[in-house]
Each structure stands twice: as C-alpha cells, then as structure tokens.
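Me: I am new to this structure and would like a close look at just one part of it. Please pick a part and walk me through it in one go.

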Amino acid sequence: MNEKFLDGKGVLITGGASGFGEATALSLAKKGADIVLVDIDEAKLNNVVQKIKKETEAQVFPLICDVSDSEEVQNMAKKAFHELDNIYVLFNNAGIGNIYGPDLLRMKEDIFDSIINTNLRGQWLVAKYICKKMKRQKLEPLAGKVICTASIAGVVANPKLCAYSISKAGVISMMKSLAKTLAPKITVNAISPGYHVTGIYKTYEAMKATMNDGNVKTPLNRVGTIDDVVKLILYLVSDKSNFTTGHNFIIDGGIAEVGLPANYLDSDV
Ligand SMILES: NC(=O)c1ccc[n+]([C@@H]2O[C@H](COP(=O)([O-])OP(=O)(O)OC[C@H]3O[C@@H](n4cnc5c(N)ncnc54)[C@H](O)[C@@H]3O)[C@@H](O)[C@H]2O)c1
C-alpha cells in the first residue's frame, strides 16, 4: 500500500480522542491525510491532537461536539468543511457502552435513550450533515468513503447488552440505506468489532469479567487489539475496497460466526 495514499485527502473521525478513533487518526495521518477529530472529551482530544502533530506532518483540528446533539453536529460540520479542503473519509465511530446486565424489561428509560441517542442517532446526524456535501465533491473515482462502527452485538443480539445491541443493529441497517443513498459517488461500509481493549471497557480486567460472565470465548483464542481494527480500516479507506459498499465487516476473532460452541469454553480468553 502506497505510504502516502491519502495525500490531499481530508478525514473526519468521531470519537477521535480514544480507542479506535485515536489509533485510526494517527494511522491515517501517517498515510498523508489531514484530520478533523471530533469528541466530547476536550482534554483527551487535545492530547491526541498534540501526539499526532508530533509524530506526523498532518494538519489536525480538534472539534468538541456531542454527536447526539443536532445543533452541535451542524456547527461541527460547518467548521469541519472550513478546516479541510475535502472530507474524503468519514469514520462515524463515536459510541458508548451499555451497563452489562439488565435485560430489556429492567432497562431504565434514560439509559436506553442515552445509548440510542449517542450510538445510533449520533451516527445518523453526523452522516446527515456531512454526506450531502461530501457527495458533491469533485474527487475521482469516488467522492468519498464512509465507515460506520457497529459491533458484533448488532449481529448477534446480546440480552445483557440489549440497548447497545439494538443501537448497533440500527447502525448496520442505517449503513445499508446510506450506501444506497450515496451510491455511486460514495462507498459506505460498517465494521463490527468483537472484544478489543479500548476506553469503552476501561481495563483489560473489566473486559475479561464481561467475557467470562457472558461465556464469550474467541475461536482465535485472544482478545482483539486496536491494531486489528485499524488494519481493516486501512483497507476500507484504500482504493483496494473501491468496489465494496453496503457491507458489514465483522472483526471479532470468530465469535459471531461460530457462536459459542462448547469446545471453545476451555480457551484461555
Ligand atoms: N472496544 C470494543 O471492543 C468495541 C467492540 C465493538 C464496537 N465498539 C465500538 O467502537 C466505537 C469506538 O469505541 P472504542 O471502543 O474505541 O471506545 P473508547 O471509549 O476508547 O472511544 C470512544 C470515544 O467516543 C467518545 N464519545 C462518546 N460519546 C460521545 C458523544 N456523544 N459525542 C462525541 N464523542 C463521544 C468518547 O469520549 C471516546 O473518546 C464505539 O462506537 C463502540 O461502540 C467497540
């Protein structure tokens, strides 16, 4: 893959202050992209921006925005197009986790609302206010690429992460509609990670507890890394994936494909 294949291209990443968003920003900056990083956590966001500026020659702009708030998203979109010459890649990625445990009947309304608002409505609002203008960009052969972060919880419903599962199933469905709406100028795909240690789990121990409690075992016998996900994103933003749109890419060490057969229950993970 050409070292600087994103030279002259702009990238907007939501949830850019941590986890997949942070690592993707650094990786795409190294490939020549200029970046707008969006997050609600100002302190973390500024740290990430400084780190990327130190390690690359990219232009990086932090924008504080709650993706679930329409007015904030509209302002953010205006500023983003002002800062960047184009937005070739939208990584629609900001998201929050679910309290692990309460089923749909015990779930509190305010928790359900906040997860749907951030994880699903947030991605829709960002797509709504970024993609119209993206589609008009005179870039060839594609005007842009959108990647939405879903989850295996959106593929295999998890009753202990019910609001989260519903939000991510919604993201996969939204991605498919968006792919049809934006074709043939923009490709739209989703990624569905499994279990990867990021800020959303806080610690490796918290993730292990979640996995143990849910009897989650990975056939590939390890927890996912952030780098596993970045490698998939590199493919999706490159021209190698130009004929691919409307698909959900699962990256989970095999959990969603095989379910939880008994022979995996004695794995170390
Ligand atoms: N880590 C995993 O194993 C895993 C698995 C499947 C899906 N995901 C998804 O990956 C995406 C990225 O999460 P991560 O794992 O990197 O976690 P993370 O907590 O490290 O990063 C998420 C970022 O989103 C930001 N954010 C949260 N709410 C926001 C809002 N309303 N507006 C703007 N920014 C907001 C947070 O401040 C944080 O910086 C999420 O959509 C998450 O659901 C993660």
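Reply: Happily! One term to begin with: two residues are in contact if their C-beta atoms, placed from the backbone, lie within 7 Å. Please also keep in mind that this is a predicted model.

Let's look at the sheet. It is an open one, built from seven strands in the order 3-2-1-4-5-6-7, with parallel pairing. Strand 3 (60–64) and strand 7 (248–251) are at the edges with a single partner strand each, so one side of each has no neighbour in the sheet. On average, neighbouring strands are turned by 15° against each other, direction ignored.

Now follow two of the pairings. Strand 2 and strand 3 are joined in the parallel sense over five bridges, and one residue to find there is Leu37, whose bridge partner in strand 3 is Pro62. Helix 2 (residues 42–55) belongs here too: together with strand 2 and strand 3 it makes a right-handed β-α-β unit. Further along, strand 4 (residues 89–92) and strand 5 (residues 144–149) pair over four bridges, again in the parallel sense. There, Phe91 stands opposite Ile147 of strand 5.

Finally, add two helices that lie across the strands. Helix 4 (residues 109–135) lies across strand 1, strand 4, strand 5 and strand 6 (186–193), and runs at about 175° to strand 4. Helix 1 (residues 19–30) lies across strand 1 (10–14), strand 2 (34–39), strand 3, strand 4 and strand 5, running at about 170° to strand 1.

Note on methods. Residues numbered from 1 in each chain as written. Predicted model: local features only at pLDDT ≥ 70, side-chain atom pairs only at ≥ 80, totals over all residues. Pairing = 2+ DSSP bridges. Axes fitted to C-alpha atoms, helices over the stretch in contact; angles between N-to-C directions. Right-handed = clockwise from strand over helix to strand, strands pointing away.
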